[in-house]
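Visitor: Before we look, could you take me through the reasoning behind the terms used here, setting each value against its cut-off?

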Amino acid sequence: MNRLLSTRNLLGIRELNREDLDLIFETADNFKNLLNSKIRKVPTLRDITIANIFFENSTRTRVSFELAEKRLSADVVNFSSSGSSVSKGETLIDTVRNILSMKVDMVVMRHPVPGACVFLAKHIDVPVVNAGDGTREHPTQALLDAFSIREKLGTVSGKKVVIIGDILHSRVALSNIFCLQKLGAEVMVCGPATLLPRHIESLGVKVETDVRKALEWADVANVLRIQLERQDIRYFPSLREYTLNFGINKTILDSLNNNPVIMHPGPINRGVELSSDVADGTHSIILDQVENGVAIRMAVIFLLSQKINNN
Ligand code: CP
């Protein structure tokens, strides 16, 4: 019997259980093998149409979802809020319902408002995949991050992962914390005290404000971008000061007794949170993360499409 996900939508990692995560990774393993072969494409979803609806800018997530859908032979329609009738006052629900009336079977949505995907899923009857909703969750990013750790280190369970940077404004941090903990990793967050949410310890994570101590503790450091576009007030005196205290460069890495794997979800502020010699160096698996995003998104779309067929 086919194994199925426990959920009809992918709105966040919080809703997934351990069996869901294992199923997504095993399915992604198969798709990664396919992508590394000469074939690269399967006819599996040739009867399915997917709308990618982006109300916020994206490079990696958007291209990765579109490629994943095309590798599965789905029909794909891409919608950006810029240049659309949203600027004339059309609501989110009206926008999506109009697109769905053209016989669309699944929606992938990025939106700047936390919870927008949860709201949408309550109002439409096709599966919704969250491609990042404000500061809430970015589930496929966390899945591809954990998949990349598993690929590099053999397992996620028991590994020590520090998430460094702007935790306060990061949907990637939250989804990573949920995902890594469900997979049995130890998680630490590190950054300026002003960019660490109050009571973050209640999620069961360690907290550190000294980046060197954090790196010495870690098997993996997932370094986040300073999200200036989400910062309504100043959280540190200047970017230069941030870099001096929290930026990771080769001199710091070379002075450690351990060799943490360096990750970053992108886009990188080169010279701010990571120097180029680290981003492009031997510790970095940043482009492996991007590559793995296609296999993970193929797995998610394939598994959710099975729920459509079973209805
Ligand atoms: N990691 C990530 O979400 O990148 P994009 O904003 O370019 O999609």
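Guide: Let us begin at the ligand, in what is a predicted model: a polar side-chain atom of His138 lies 2.9 Å from an oxygen atom of the ligand. Taken alone, the ligand exposes 250 Å², and the protein buries 91% of that area.

Visitor: What makes the pair formed by the side chain of His138 and the ligand a polar contact?

Guide: A polar contact requires a pair of N or O atoms within 3.5 Å, and the His138 pair, at 2.9 Å, meets that limit. An N or O atom in the side chain of Arg110 is likewise 2.9 Å from an oxygen atom of the ligand, while for Thr59 it is a polar backbone atom that lies 2.8 Å from a ligand oxygen.

Visitor: Which residues are found around the ligand, and which pocket does the ligand take up?

Guide: The residues around the ligand are Ser58, Thr59, Arg60, Thr61, Arg110, His138, Gln141, Pro265 and Gly266, and the space that the ligand takes is the largest pocket.

Visitor: Turning to Asn176, why is this residue called buried?

Guide: Asn176 is called buried because its relative accessible area is 2%, and the term applies to values under 20%. This residue lies in helix α6, which covers residues 171–182.

Visitor: Which residues is Asn176 in contact with, leaving aside its neighbours within four places in sequence?

Guide: With those neighbours left aside, Asn176 is in contact with Ala142, Asp145, Ile163 and Asn222, where contact stands for heavy atoms within 4.5 Å. The C-alpha atoms of Asn176 and Pro139 are separated by 7.9 Å, although the two residues are 37 residues apart along the chain.

Methods. Residues numbered from 1 in each chain as written. Predicted model: local features only at pLDDT ≥ 70, side-chain atom pairs only at ≥ 80, totals over all residues. Heavy atoms only, no water. Helix = DSSP H or I, 4+ residues; strand = E, 2+ residues; numbered from the N terminus. Buried < 20%, exposed > 50% of the residue type's maximum accessible area, 1.4 Å probe, protein only. Near = heavy atom within 4 Å. Polar contact = N/O pair within 3.5 Å; in protein donor to acceptor, adjacent residues only side chain to side chain. Areas by Shrake-Rupley, 256 points an atom, 1.4 Å probe, with all protein chains shown as cover. 1 Å grid on protein atoms, 1.4 Å probe; cavity = no way out; pocket = protein on both sides within 12 Å on 5 of 7 lines; lining within 4 Å. Sits in = over half its atoms within 2 Å of the grid points.
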